[in-house]
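Q: Please take a close look at one buried part of this model for me. Start from a single residue, then set it in its surroundings and in the chain as a whole.

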Amino acid sequence: MTSTIGGPLSGLIQHDRVHGSLYTNPGIFTEELQKIWYRTWVFVGHESEVPQPNDYVRKKLGLQDVIMTRDREGQIHLLLNRCPHRGNQVCDDARGNSGTFRCPYHGWTFRNNGDLIGFPFFKGYGQRKLDMPMGRVPRVERYGGFVFGSFAADGPSLIEHLGAAAGEIDRLTALSPEGRVELTAGWLQHRTRANWKLLAENETDGYHPQFVHGSIFGVTGSTIGPLYADSSTAVTRNLGNGHSENDLRPEFRKFAEPMRWFGTTESRVPNYVAAMRAKYGTDAERILVEGAPHVMIFPNLFIAEIQVFNIQPVAVNECTQYATAVQLAGAPELNRRMVSQCIGSVGPAGMLLADDTEMYERNQRGVEALTPEWLDVRRGLNRERVDDNGFTIGGPTDETGMRGFWSQYRTLMETE
C-alpha cells in the first residue's frame, strides 16, 4: 500500500510534538483505518453481552458493522453484517437471540457462525450448496471477558498486544468477589465532532482534570482533583504497545482506607467488603485500598475505574464514544452505585463527559487553524524516570502516556 502521508512519520511525529495534520488530513484517516483499525487488535465488546447460546449484539470495529455472536457451542464470533450475495445487511436488530440470520433481500440464510445454510431457487445456481459464508473477522480473542478482534490473519497474539496492560484488566476483575466483570448495564452512545485520537490522548491526560472539571469537583467536594496535582504521588506510566495508565495507587496507599478509591467507606458497602474478604483473604485489604485501574489500552479501550469506554472512528473529524458502567459479579450493593455514578458522570446530562466533549470539539476546531502547526507533548520529559519494572513513568500531570501512544501509532503507520 502506498502511504498517503508522503514519507516517514518522523516529519509529523517527534518525541516532543505532533503535527496538527494528523487530526485533520482525510488521507491520514484512511490510512489509519487500514494500518491500525483493520490490522491491530481492537476492543469490540464483552462476553457478558452475549451470555447465552445464540445471543448476538451488533457492534462497530472501525467503520465496519459487525455482529458479535455466541454459537450453540459457546464460541464467540465477529461477523461482518453483509450478505455475500448482493451486499444487503442481514441483521437489523441491535441485539437478540437466534441461531440463524436471514437476508431480507433474497432469503439467503446463515448460521450464527457465518456459514451459509441455504438459498431459495437453487436450480438457478445448478447446485444446492455454495461456499459463500458471511465475512468474518479472522481473529477473535478474549481476555478477562473483553472481546477483541483483528482483521489481520497473522500477527502478535492478543496477550502479546496487551502486554503489561493485561495486568490492569486483572486488577479490574479482582474487584469482583467472583473474579468476573460484566458489562450489562447498557451502553451510552456519544457522537463527538472530533478526531478519535483526541479522545485517546485525553483519557491518559492528568493535566486537565483540575481545570476542565474544577467546577464539578468544587460543587461535589470530590477528592479526585488532588490526585492530579503536581504534589500528588500518583504517576503516569507508559505500559508499552501504546498502552498507558494513570496509576493512582500511591495516593490511596497513603490513606490506607478501603473504598476511598470509590469515594465511599466500607461501612456503606458492608456486604461487598465482607464478600471480598471472604474471597481473597489477606489480599482483600490491598485490593480494597488500591481500587480499580485507570488505563488506556491502544487503540480504543479505556477503563476509567468504574466505567468502560469504547472509542470508534466515524470520520477524520468525528468519532463515537460508547460508555457503560462496570458491573462486578457478586457485588449488587456496589453495582447500583456504579450505575448511578456512571450516569452522573457520562450520562446524557453527565457532568464529566459534557466537560470533556466540549474540550474535544474545541481542540478539533483549533487544530484546523493554519498556525501554529504543532501540538506540544513535552510535558514531564525533564523528569521522566524508569520504575522497578522497566517502565517509563512521569508525574500525574505529565504527558508520558501520550508519548507512548504516539510511539506505537508511528510504528504501526510506518509498517507496510
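A: Contact here means heavy atoms within 4.5 Å. By that rule, E201 touches Y23, M402 and W406, leaving aside residues up to four places away in sequence.

First, the ground rules. This is a predicted model, in which local features need pLDDT of at least 70, side-chain atom pairs count only at pLDDT 80 or more, and totals for chains, interfaces and linings use all residues. Residues are numbered from 1 along each chain as its sequence is written, and side-chain values use heavy atoms, with hydrogens and water left out.

Now the residue. E201 sits in helix α4. Helices are DSSP runs of H or I with at least four residues, strands are E runs of at least two, and both are numbered from the N terminus. E201 counts as buried because its relative accessibility is 8%. Buried means under 20% relative accessible area, exposed means over 50%, and partly exposed lies in between (1.4 Å probe, protein chains only). E47 makes a distant reference point: it is 154 residues from E201 in sequence and 27 Å away in space, C-alpha to C-alpha.

The helix around E201 is mostly covered. Helix α4 runs over residues 196-203, and eight of its eight residues are buried. Charged residues are on that list: K197, E201 and E203 are among the buried ones. So are W196, L198, L199, A200 and N202.

Step out to the chain. The protein chain has twelve helices and 24 strands. Its radius of gyration is 22 Å, close to the 22 Å from the globule rule for 416 residues, so the chain is as compact as a globular protein of that length. That radius is taken over C-alpha atoms, and the rule is 2.2 Å times the number of residues to the power 0.38. The C-alpha trace spans about 75 × 55 × 40 Å along its principal axes. Of the 416 residues, 53% are buried. Among contacts between residues at least 6 apart in sequence, 62% join residues at least 24 apart.

Some backbone details deserve a check. Most residues other than glycine have a negative phi, and most peptide bonds are trans. The bond joining F298 and P299 is cis, with omega about 0°. P299 lies in the loop between β17 (294-297) and β18 (301-304). The bond from T371 to P372 is also cis, with omega near -10°. P372 is in the loop between α11 (351-367) and β22 (374-376).

The loop between α7 (249-255) and α8 (270-280) holds A256. M259 is found in that loop too. A256 has a positive phi, near 55°. M259 has one near 75°. Their cover is not alike: A256 counts as partly exposed because its relative accessibility is 48%, while M259, at 0%, counts as buried.

Last, confidence. pLDDT is the predictor's confidence in each residue, from 0 to 100. The chain averages 94, and 98% of the residues score at least 70. Residues 1-6 are a weak spot: pLDDT stays under 50 there, and the model has eleven contacts for them beyond four places in sequence. Where pLDDT is low, the predicted coordinates should not be read in detail.
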